[in-house]
Amino acid sequence: MFLSAEFHPFRLPSPGLWLDIFQKVKAMGFSGVSFYHMWALLEGEPGHVRIDGVFALEEFFAAAKEAGIYLLARPGPYINSETTGGGFPGWLQKTKSQLRSTNPEFLNAIKPYILEVGKIVAKAEITKGGPVILLQPDNEYTLCSESTGILDMSNCLDKQYMAFVEETYREAGVTVPILVNDALPLGNFAPGTGVGSGDIYGWDFYPFGWGQPPCSNPQNWTRSSLPYPAYLSLLRNISLPTSPRSIVEFQGGAPDAWGGVGVEQCASLVNQDFERVFYKSSYSLHVTLFNIYMTYGGTNWGNIGHPLGYTSYDAGAAISEDRQLTREKYAELKLQGNFHRASPAYLTAQPNEDSKGIYTDSSVLLTTPLLGSKTNFYVVRHDDYQSTNLTRYSLRLSTKIGNITIPQLGGSLLLAGRDSKIHVTNFDIGGIDLLYSSAEIFTWKRTGNKSTLLLYGGMGETHEFALPKEIGVLTDPENENIKYSNAGKAQIVQWTVGKDRVMLSFGKDLDIYLLWRNEVYTYWTLDLPSPEPLGRYTSPSRLNSSDASRSSVIVKAGYLLRSASIRNERLYLVGDVNATTEIEVITAPLGCCKALSFNGRDMESTFIDGRLTATVLFEAPEIHLPDLAKMDWRYVDSLPEIQNGFDDNSWTLCDKVASNNPRVLTTPTSLYASDYGYHAGSFIYRGHFMANGNETALYLQTQGGFAFGHGVWLNSSFLGSWPGTPEASATNHTLMFPRPLVRGSRYVLTVLIDHMGYDENYYNDINPMKAPRGILEYSLSGHSDASSITWKMTGNLGGETYRDHSRGPLNEGAMFAERQGYHLPGAPTASWEERSPLQGINSASVGFFVTTFTLDIPAGYDIPLAIELHGPMSVAGVKDKSSNFRVQIFVNGWQFGKYVNNLGPQMKFFVPEGILDYNGDNYLGLTLWSLDGMGAKLEDVKLSYDVVVQSGYSKPKVVQAIEYEKRV
Ligand code: GAL
């Protein structure tokens, strides 16, 4: 079972934290991680593939291996992934060819990157001791824009293109199986389908969609369907029986867009109930490769996002952007992960058609059986998957003890609304046959001659299970929380779930823990380190092994357990607590453990009922965060372009009279930023002309992607701005001149345009990624000869020959402070004016504000920090969105936030440790762009945190990156 979490290293550019995510994924009982890499970050300069520094993968591979996680590598070249251009570098806009085709120009463009990244992945394959077991070429090479029906959705695909990508990865040395992901289960490139087919076929499924805006009203589940009965026969037809049934991406979150409702709503939409209903339904298809997109989303720092998303790529995933586990959906994944890890029989069971009224006595429940040679699984849910009804039912199952109706000891089972259960029959728990269980299996473990089983259910539910008579009988049958019968062919136990756990012993053979679901949330199964090559990788043998070097432990703790190891009869646990926490070792290899250490500290431990226990004290640290608003701030004007005499001599002359861009040029020379090598952040244009005296207005059409804005000046006078809307990717704007121009005088127009990222290229017969950015059209009324305006422009300094190789090609935009490198630590700010962003600027312009602050975060704690920006408040304490301004946040040179006051919603920008120096000096820079004539200011700027975790994480090193050097 490749149960996998999607997590992108480039969205957490602090390599020292990758292990933290891998450990949190592993602690869910998952075996894999799927990751994209982003070509646009790696080949900003055509012909120079740079996969180093924070973009290198070696540390990512090492961390995966250390945690015991297998990897599915998905380096593109196309990735989609809500990234600018879907991962395509901006310079592809300059190519003539159809993207994602066999046009030689396109193949020549992708080849060097595939060879380079392929070589790196190949070195990390499992056959060479690394964690990589699968490779996915390209991404969802599936759909055509012109399709009219499901059958012709892929009629535009060029199979040779897929074959080329696959062959080039092979040429780079990749030998692991190739997995293809279809956007829908259409069968594209399934094994055995000829040219371009992969070794394993899979498809992607987002039942609640990823379109906009999905996150409002999260309780509304009408947005989907659950077409699984139909899918089963479909999949039988399109995928070979030898190909593991694979869902390469299943919805794990949802995105929020500019002007949206905030990521927490997305987390409530795709919450633990969704996971239970939809994921368990997927298991009922016998899916054995299941990847949850996203499980840790991270951050769209430094202009890596597409225009439909903002800086946070939290996506409401199980692990939040600040790497924390406060969402219940994380805990639910842990239940599912542990179940799979402890259920090898699932792997060989075969799914049958869904049924109503056969396996249960209810016509509103749907049951999908997965039948094995011995063990059967019955996945039950409401047929109407969004039902919130409480449905009582009984199961009618065939078991070793005959055809029976469960519960046998009276009462009924309960399905509480948006829930799903996996009931089992004849389930092996270390040589003991669990004849049936309506309670779900968390995990089990065999140590010595005894098995330990952990079952769980929802509050108030009645559950029942049965065990053979041959094993020891229940030691204390008079337990008040259970009903017990030994009268028939089996020992039958019924239990109604309450807060307190029930522990039962069946002689010396078996211990069973009956647990309320929310209590299991605090239980962890940890693989003990084995000699290479097993390391910490999960293996079914760990369930049965008593040998400490191939075994695992089950421990009740609190917030998180990361790893366990045993030395000299002492169990060493590494984990995190957010409160004083009881630790209790439920099972451990025989002979272990007489003592306990937690995060390197020996604990005072005692045995209670034979189980080793200890208390980890949570000691609240003293945290002193600097008050940013009160710091010494320095200011420099960041729009000198509108001052008289500004010298744009060295700017790029917009002199191209033709463009390869598919949009037909409607200006005398191209003003598409990409034609001049500028692809990220923002652009500034300067149009020089001599007035004839009749000019009254400027007409502009600009395009910057959804939520973009622009500002326009004539010489030093502000003409107006477009503040942006979430819906507009382009705008038409007529700007009146305040007074007549003087005939024969020279004027300059300055246009600052925000760029929110390139569009993605989801469809394969068109080139949406090539939609240009910049000025698309212009005219001067009263001035007929448009070509008499000479345009110059700039984006980031150097364009494709970008300066900052540490932070990559997308981190900087066109603003003066960025071009000068003032956002980098060490900038010469001492002589700048003292002024804070709370004073702001008093005209339509751009100001750059900097400060430095020192952090001294106590060791042993994981305290994710955010920078919060607050715009002006109106009287009732409600945010005043009428002030149009935009802020970019640079932390130690890294752009970790783009704030748009008039659109929102993001105000809090997490900055990972490592980008922030937690024990040293930090440099913070803000570009403040007022789109209003009256200027703009912040109400507040502050550092904040939500959670304080006493943590066994490995403290990340501060990321090394270039510092300020004078730029010419
Ligand atoms: C898929 C795509 C992913 C991501 C996801 C969520 O179609 O493969 O890269 O974009 O949708 O939108």
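Two strands count as paired if DSSP finds at least two bridges between them. The strands themselves (E, at least two residues) and the helices (H or I, at least four residues) are DSSP runs, numbered from the N terminus. With these terms in hand, the hairpin of E16 and E17 is a friendly place to begin. Strand E16 (residues 420-428) runs antiparallel to E17, and four bridges join them. Within this pair, threonine 425 stands opposite tyrosine 436 of E17. Four residues lie between the two strands of the hairpin, where glycine 430 takes a positive phi near 70 degrees.

The structure is a predicted model, in which local features need pLDDT of at least 70 and side-chain atom pairs count only at pLDDT 80 or more, while totals for chains, interfaces and linings use all residues. Residues are numbered from 1 along each chain as its sequence is written, and side-chain values use heavy atoms, with hydrogens and water left out.

Strand E17 also has a second partner to look at. E17 pairs with strand E20 (residues 462-468) in the antiparallel sense over two bridges, and here tyrosine 436 stands opposite alanine 466 in E20. How many of the five residues of strand E17 are buried? Five of the five residues in E17 (residues 433-437) are buried, so the strand is mostly covered, where buried means under 20% relative accessible area, exposed means over 50%, and partly exposed lies in between (1.4 Å probe, protein chains only).

The protein chain is divided into domain 1 (2-321), domain 2 (523-556 + 559-620), domain 3 (628-636 + 815-951) and domain 4 (640-794), with bounds that come from an automatic or database domain assignment. Taken over C-alpha atoms, the centres of domain 2 and domain 4 are separated by 63 Å.

An open sheet of five strands follows the order E25-E26-E29-E33-E32, with antiparallel pairing. Strand E25 (523-527) and strand E32 (605-608) stand at its edges; each has a single partner strand, so one side of each is left without a neighbour in the sheet. On average, neighbouring strands of this sheet are turned by 30 degrees against each other, direction ignored; axes are lines fitted to C-alpha atoms, for helices over the stretch in contact, and angles run from 0 to 180 degrees between N-to-C directions. Inside this order, strand E26 (residues 552-556) and strand E29 (residues 581-587) pair in the antiparallel sense over three bridges, and valine 555 has valine 585 in E29 as its bridge partner.

Another open sheet has three strands in the order E50-E47-E52, again with antiparallel pairing. Which strands stand at the edges of this sheet? They are strand E50 (908-911) and strand E52 (940-945), each with a single partner strand. Neighbouring strands here are turned by 25 degrees against each other on average, direction ignored. Strand E47 (residues 865-870) pairs with E52 in the antiparallel sense over six bridges, and alanine 866 stands opposite serine 944 in E52.

Two further residues complete the picture. Tyrosine 763 sits in the loop between strand E41 (746-754) and strand E42 (774-781), and counts as partly exposed because its relative accessibility is 33%. Asparagine 237, in helix H6 (residues 228-238), counts as exposed because its relative accessibility is 68%. The C-alpha atoms of asparagine 237 and alanine 40 are separated by 37 Å, and these residues are 197 residues apart along the chain.
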